[in-house]
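Here are some exercises to work through with the model open beside you. Try each one before reading its solution.

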Amino acid sequence: MRHMMKDDPTTTVGSTVNGLARLFSQPRSRLYCILPPHMLESIAQNGTPQQRSRALQTLAIDHTLRALRVAPSSAAPATRRRPGMLMLAEGQKRRTISDARHDQNLPGSVVRAEGAPPTGDPAVDEAFDGLGATYDLFWDAYDRNSIDDEGMPMDATVHFGQDYNNAFWNGERMVFGDGDGELFNRFTISIDVMGHELTHGVTEDEAQLVYFFQPGALNESMSDVFGSLVKQYMLKQRADQADWLIGVGLFTAKVNGVALRSMKAPGTAYDDPVLGKDPQPAHMITLSIPSGTTAAYTLIQASPIMPSTLLPHGWADTLGRRRAVSGTRCCAIRD
Amino acid sequence: MRITFTMEGGIAYFPGLSRPVTIDSSELLKQEASELERLVEAARFFDQPATTGPPARGAADYYQYTITVEVRGRQHTVRVTDLVEDAGLQVLLRYLRAKAKALRAAARTPPSPEHPDKPE
Ligand SMILES: [Zn+2]
């Protein structure tokens, strides 16, 4: 039995989250993240009238939120443990792939660990290789030793759920569904999707972006950019040779579409009777939406576009990318 | 019994997958209707908290599901994510996802005139 204590923090966060859900009811709302007060205040000052009133309401009703704001990362000291040169020089991958066997319980049972040969199960082997390719990009191009730059083991679970049309990052591992065969193939089929999920780990380690509104959008954007870079690095492509698509191969033949998103031609990735039409707007500028409940959703959807606007400014080689991405960040904050 | 089921989140936003799906047990075959009632009961749906709380920090791209059940004058809404651990809710979710898939697949037939088969 689940006991709900009045002073159980989980319960309070839950009802707070419900409050947020009502206030910020959006097509793609991220209800579980915690909005820091400065963000609410900023919305209260600079948002549209509707956003402002919502933010003010939230600020007014929601003091518990501040008290309960999950703060381990933001409260962590600014100094990070960095590996010594010896550790850096090793640059060793530590990959483990588990199989959920169509259940929804994580992590599942280990089916391939570092050093083991291919299993013959495409989902397992693709995940293993995808983790490797992501590791290689971060290591070779950025001297980054895994997700946390401290050699963190890279873990993934495949065959999650039944007909599960998604891949996600649970805060510790990447999780892949097999797709339903109707709309989607297995989610390990696309190497940039794997890069996308692992980059969520990197972003959390570096920036702890709140998974909501603009920070959430930026989080997604970072994942799309690095997801694509993982693929480009593997294919030894230059930025101008790349397709900048996320999720090529994920759709079944029944779907009228090429990918989940296109950073090069936003809004053109799919147009399908079941999935609908790709809603990605092309520029941050189109985000100055005066009013309406779709603002937050549009922000989240639009952010991944920014990298494509930076393309002419030097994404030519891997080593130049860090600078370009910093540029993205500035651009997002300014906008 | 009436169930409204909505999925949000995931690695990509699809307008077509974000619309609520409504299942009315009176429109189901008798066997499926009683199976659905059993799933709702087995999940102790009306005893479940409205939300299971935030997922782990840093988690991203998981789905969030909103399930509303109306039966005999009672109504309850539960929000869960893919990370829900309650076995009963997991089974109910599995049914709802499968049902939503079947209902959506119907949208593809008859084939839309905008997407005729590609010529050889
Ligand atoms: Zn993501």
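The accessible surface of chain A comes to about 14,400 Å², computed by the Shrake-Rupley method with a 1.4 Å probe, and 56% of that surface belongs to carbon and sulfur atoms. This is a predicted model: local features need pLDDT of at least 70, side-chain atom pairs count only at pLDDT 80 or more, and totals for chains, interfaces and linings use all residues. Residues are numbered from 1 along each chain as its sequence is written, chains are lettered from A and ligands numbered from 1 in the order in which they are written, and side-chain values use heavy atoms, leaving out hydrogens and water.

**Exercise 1.** Find how helices α6 and α8 of chain A are oriented to each other, and which residues make the contact.

*Solution.* Start with the elements: α6(A) covers residues 122-142 and α8(A) covers residues 213-235; helices here are DSSP runs of H or I with at least four residues, while strands are runs of E with at least two. Next, take the axes, which are lines fitted to C-alpha atoms over the stretch in contact, with angles from 0 to 180 degrees between N-to-C directions. They are 9 Å apart, at an angle of about 90°. The two helices are therefore roughly perpendicular, the class for 65 to 115 degrees. Finally, list the contacts (heavy atoms within 4.5 Å): α6(A) contributes residues including Leu137(A), Phe138(A) and Tyr142(A), and α8(A) offers Phe226(A), Leu229(A), Val230(A) and Tyr233(A).

**Exercise 2.** Work out the strand order of the open sheet in chain B and name its edge strands.

*Solution.* Two strands pair if DSSP finds at least two bridges between them. Begin with β1(B), residues 2-9: 8 bridges join this strand to β3(B), residues 63-71, and 4 bridges join β1(B) to β2(B). Both pairings run antiparallel. For individual partners, match Met7(B) with Tyr65(B), Glu8(B) with Gln64(B), and Arg2(B) with Asp24(B) in β2(B). The full order of the 4 strands is β2-β1-β3-β4. That leaves β2 (21-24) and β4 (74-81) as the edges, each pairing on one side only.

**Exercise 3.** Is β1(B) largely enclosed or open, and which helix lies across the sheet strands?

*Solution.* First count burial, where buried means under 20% relative accessible area, exposed over 50% and partly exposed in between (1.4 Å probe, protein chains only). In β1(B), 7 of the 8 residues are buried, so this strand is largely enclosed by the rest of the structure. Then look for the helix: α3(B), residues 87-105, lies across β1, β2, β3 and β4, running at about 105° to β2(B).

Definitions and conventions: Angles under 35 degrees count as roughly parallel, over 145 as roughly antiparallel, 65 to 115 as roughly perpendicular and the rest as oblique. Contact means heavy atoms within 4.5 Å.
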